[in-house]
Structures are given as C-alpha cells and as structure tokens.
Amino acid sequence: MSSIKLAVIGGGSSYTPELIEGVIQRVEALPVSEICLVDVEDGKEKLSIIEGLSRRMVEKAGLNIRVRATLDRREAIRDAHFVMTQFRVGGLKARARDERIPLKYNVIGQETTGPGGFAKALRTIPVILDICKDIEELAPDAWLINFTNPAGIVTEAVLKHTKVKSIGLCNVPIGMQYAVAESLNAKPEETYIEFAGLNHMVWGHRVYVNGEDRTQEAIAALIEGGSATMKNIIDTQFSSEFIQALNVIPCPYHRYFYLKNTMLEEEMKSSKTEGTRAEQVMKTEEELFEIYASPEMDKKPEQLEKRGGAHYSKVSLNLVDAIWNNRKDIHTVNILNNGAISNCAPDVSVEINAVIDSAGAHPITFGAMPVELNGLMQQVKSYESLAVEAAITGDRHKALLALTANPFVPDANVAEQMLNDILEQNKSLLPQFS
Ligand code: G6P
C-alpha cells in the first residue's frame, strides 16, 4: 500500500480545516492521496463550504490530494485506510437542548461529562455502531479514530461491540502537556506526562522533562499560576490546598467534578447572559462558515481558535502517522484497560498512555489508581458502562440507573425527570427507546 485514503465522517464540521492543515504538514510521512468528507443531508451546505476550502488549502500547498465530499457514507468508507469520526447527531441544536435540560433541575449539563453527554451518547452510539458495520464490510483493515463525544463512552461501545480496529482520541492530554511544559519552561516534546484515568477525567500523575522527575515543580507551578483551562470551560480555580492534597495534575474537566457548585453557578449565569456553550458556538460557527466560504480563504482561519479543539489535528494525525509508519511512539489514547490500571475492570475504556505501532495501541502499565482518585473513577466508569448498555438496548431502566450514577446528578427523582425530558426532546433521534 503506497497511498492513504482518509474518510472523515462529520466532514462538514468547522474543525475539518484543522485536519486538512495537519495532512498538509505531514505530507512527507503520510502519503495521503484521497480525503473523503462525509456528512448528512442536513449538513449539505456546510459540507460543500468545507470541501471548497479544503480544496483551496490543498491546491495552495501544491499537493496532489483528491478532496471530495459526499453524502454516501458507504462510498467514503469503501477501501479507506483510516476512518475519522467527528460527527454530531442532531447538530448543535441538540447540544443546546442537552445543556439546557439539566440546568432546569439545577444540574450541570455539559455535553461530554454530564447528563448532556449522556443524551449525546444515546444519540451517537447506534449511529457509530452502524458506521462500524460498514467498516467491517467495506474496509475491514481500516482504523477507526474516534473524536466524537463523549469520546470515552463512544469508544467503549465500539471496542466492546464491534470487530473494528479502533482508538478513541481527545485533545485534553496534549493541551495539558503544552500547559505543563510552559509552566516548567520546557519544550512540550521534552515533557512526558504519565496520564491515567478516563476521558475528560484524566489525571497527570507524574511529569518528566528529558527523563527527570519534575512532578512536584509542576504541581507548585499549578498552585502559583492557576490551573490551565480550555476555551470551552469556564476558568474557575482550584484552591492551593486542594491541589496540594491531590498531588497530581487534574485535567480542565475536573472542575466539573471537584468544583460542582461553583461550576453550576457559573453555567447558570452564562446561560442567562451569553447563552450555553452550544449557543455561543452556534454564533462562532456562523462567523466561521462565512469566512470559510470566501473564495480567497485558503488557510485555517484564526477564528477557529475560539473553539475548544486546540491541537486536534496534531493528536489525530500524529496517531495516524504512528500507525501507518509503525513508529512505536507513545500517545495518550482511549482503549480497553486490559490490566493497565490494575484496580479497574479489563473490558472498559480508559484514557492512558500507550505505545502505538501498526498493530495498534499497547497500553503502558500504570498500576493501581490511588484510593482518593479511584472512587470517582469507578463511579464515573459505572455511569459510562451503563450508558453504553442503555444506548444499545434502549432499556429505560438502564438509562435511569446510568443517569443516577452520574456524579453531577443529585438524586434518582431528578434523574427520572431529566430522562423524561431527554427522551421527549430527542424522540426522533432515539428510535431505540420507542
Ligand atoms: C475540547 C474537548 C472536546 C470538545 C471541545 C468542545 O476540545 O476536549 O472533546 O468537543 O472542547 O469545544 P467547543 O468549542 O465545541 O465548545
């Protein structure tokens, strides 16, 4: 095989130019000959704008890569080497509903970790399993690289219920690597963080710069400089004492777990002023697509930085590079635990460092998750695994138990009310529950 076919499902996403930029930057290592952007009927207009911009970017770089857009998912998947999933069932409107329903009950919505992410998982899992059927039939050797949120839950569904070779990805670990490196005046590529946990709930346990253990300095820097966040997460600060006690590096999303009340207040406030995150993103998207559509635009515009997905293309294409070129380098990925975290079930997805080569991801043994972190991890994991089962079976009781197990949900009655709203407001998108 001398050239690569990439299929991008959710190709009309405003993030796609990132991906195209990444392909262009790695042309020496990754001989991509075809990029097939797929979307659904509703996303046709956006898809065609993205197709135009992607073609201009490739032309400007003087590359011979065929970029095409299609609504025919099976055609795109046929003979692909890598299938990248970044789709959003129901679009941003569904995300806005996911974020608004819980707020009605004084609960954080959050489109990935909270009940918002639960609703999104119910919508997404049946679709990704369908995509996997197509991959099994039309491109059985392809790698599925999943970015679709909630990435940990969606990846667990794929790994448990299909034969597709798959890895889940997120930009949180690389964002932490850059932030920690900066706080230590080190280069990101010289900085290694031992990550272990779950998606959007991963901790940096140890920090090494060129092999030297600088964990305590990194924690001290966190206390002094405040912890780094991401564009999509309100920047509330952990107390110094809490960070000292925790003695590991929390990820930006840990604010939702450890600072629940503060985050809820902040989300309530912003939902009444600038709108929920989805509502804000809708405005940014409008602006972005106007820029993308201009025939003069032939690069990734700066406005994309307003979105939370920084480093997206770096993470995904470095992973593709490691698989294609059998690099055996280390990446932080979502895969089955398989013993890497000794006190966690083997058949659930975890976010962990792994050696990546052409055979896939080989998780690096972490050992036991310390007791002060393990309780939260196990609770979130049971919520996640129940959410996978609920999404597949359409079993309302499983769904209720999943939602009740989510740490943001204060009680079973509230879970029941939220579940009723979720099922009602997503009726056409959740056929498994009808
Ligand atoms: C971060 C997360 C992604 C999430 C994104 C949302 O990058 O890691 O999982 O999708 O933020 O960003 P947005 O701009 O859509 O709020």
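1. In this note, a residue is called buried when its relative accessible area is under 20%, exposed when the area is over 50%, and partly exposed in between, with a 1.4 Å probe and protein chains only. By that scale Lys60 is exposed, at a relative accessible area of 54%. The structure is a predicted model, in which local features need pLDDT of at least 70, side-chain atom pairs count only at pLDDT 80 or more, and totals for chains, interfaces and linings use all residues. Residues are numbered from 1 along each chain as its sequence is written, and side-chain values use heavy atoms, with hydrogens and water left out.

2. Lys60 is the partner of Asp298 in a salt bridge, and the closest N and O atoms are 3.6 Å apart. The term salt bridge stands for a side-chain nitrogen of Lys or Arg within 4 Å of a carboxyl oxygen of Asp or Glu. Distant parts of the chain are linked here: Asp298 is in the loop between H12 and H13, and Lys60 in helix H2 (residues 44-60), 238 residues apart. Helices (H or I, at least four residues) and strands (E, at least two) are DSSP runs, numbered from the N terminus. Asp298 counts as partly exposed, at 26% relative accessibility.

3. A salt bridge also joins Lys300 to Glu18, with 3.4 Å between the closest N and O atoms. Lys300 belongs to the loop between helix H12 (277-293) and helix H13 (312-324), while Glu18 belongs to helix H1 (residues 16-25); the pair thus links distant parts of the chain, 282 residues apart. Lys300 is buried at 18% relative accessibility, and Glu18 is buried at 8%.

4. The salt bridge between Lys160 and Glu156 has its closest N and O atoms 2.9 Å apart. Because these residues are 4 residues apart in helix H6 (residues 151-161), about one helical turn separates them. Lys160 is partly exposed at 34% relative accessibility, whereas Glu156 is buried at 0%. Elsewhere, Arg73, Arg74, Asp134 and Glu137 are joined into one network by salt bridges that share partners. The count for the structure comes to 31 salt bridges.

5. The structure also holds 12 aromatic pairs. Rings of Phe, Tyr and Trp (its six-membered ring) pair if their centres lie within 6.5 Å; planes under 30 degrees apart count as stacked, over 60 as edge-to-face and the rest as tilted. Tyr192 and Tyr208 form a tilted pair, because their ring centres are 6.5 Å apart and their planes lie at 40°. Tyr192 is in strand E7 (residues 191-198) and Tyr208 in strand E8 (residues 201-209), so the pair ties together parts that are 16 residues apart in sequence. Both rings belong to partly exposed residues, with relative accessible areas of 31% for Tyr192 and 26% for Tyr208.

6. Tyr253 and Tyr256 are likewise tilted, because their ring centres are 6.0 Å apart and their planes are at 40°. Tyr253 is buried, at 4% relative accessible area, and Tyr256 is buried, at 1%. These two residues belong to one aromatic cluster with Phe257 and Phe408.

7. Tyr208 appears again among the contacts of Arg214, where contact means heavy atoms within 4.5 Å. Neighbours within four places in sequence aside, Arg214 is in contact with Leu184, Val207, Tyr208 and Val209. Arg214 is in the loop between strand E9 (212-213) and helix H8 (215-225), and it is buried at 16% relative accessibility.

8. Helix H15 (residues 396-405) and helix H16 (residues 412-425) have axes that come within 9 Å and cross at roughly 125°. Axes are lines fitted to C-alpha atoms, for helices over the stretch in contact, and angles run from 0 to 180 degrees between N-to-C directions. H15 and H16 are therefore oblique to each other; angles under 35 degrees count as roughly parallel, over 145 as roughly antiparallel, 65 to 115 as roughly perpendicular and the rest as oblique. Residues of H15 that meet H16 include Leu400 and Leu403, and those on the H16 side include Leu419 and Ile422.

9. Some backbone features deserve mention. The peptide bond from Asn149 to Pro150 is cis, with omega near -10°, and Pro150 is in the loop between strand E5 (143-146) and H6. Asn106, although not a glycine, has a positive phi of about 60°; this exposed residue has a relative accessible area of 54%. Asn210, also a residue other than glycine, has a positive phi near 45°. Asn210 is in the loop between E8 and E9 and is exposed at 60% relative accessible area.
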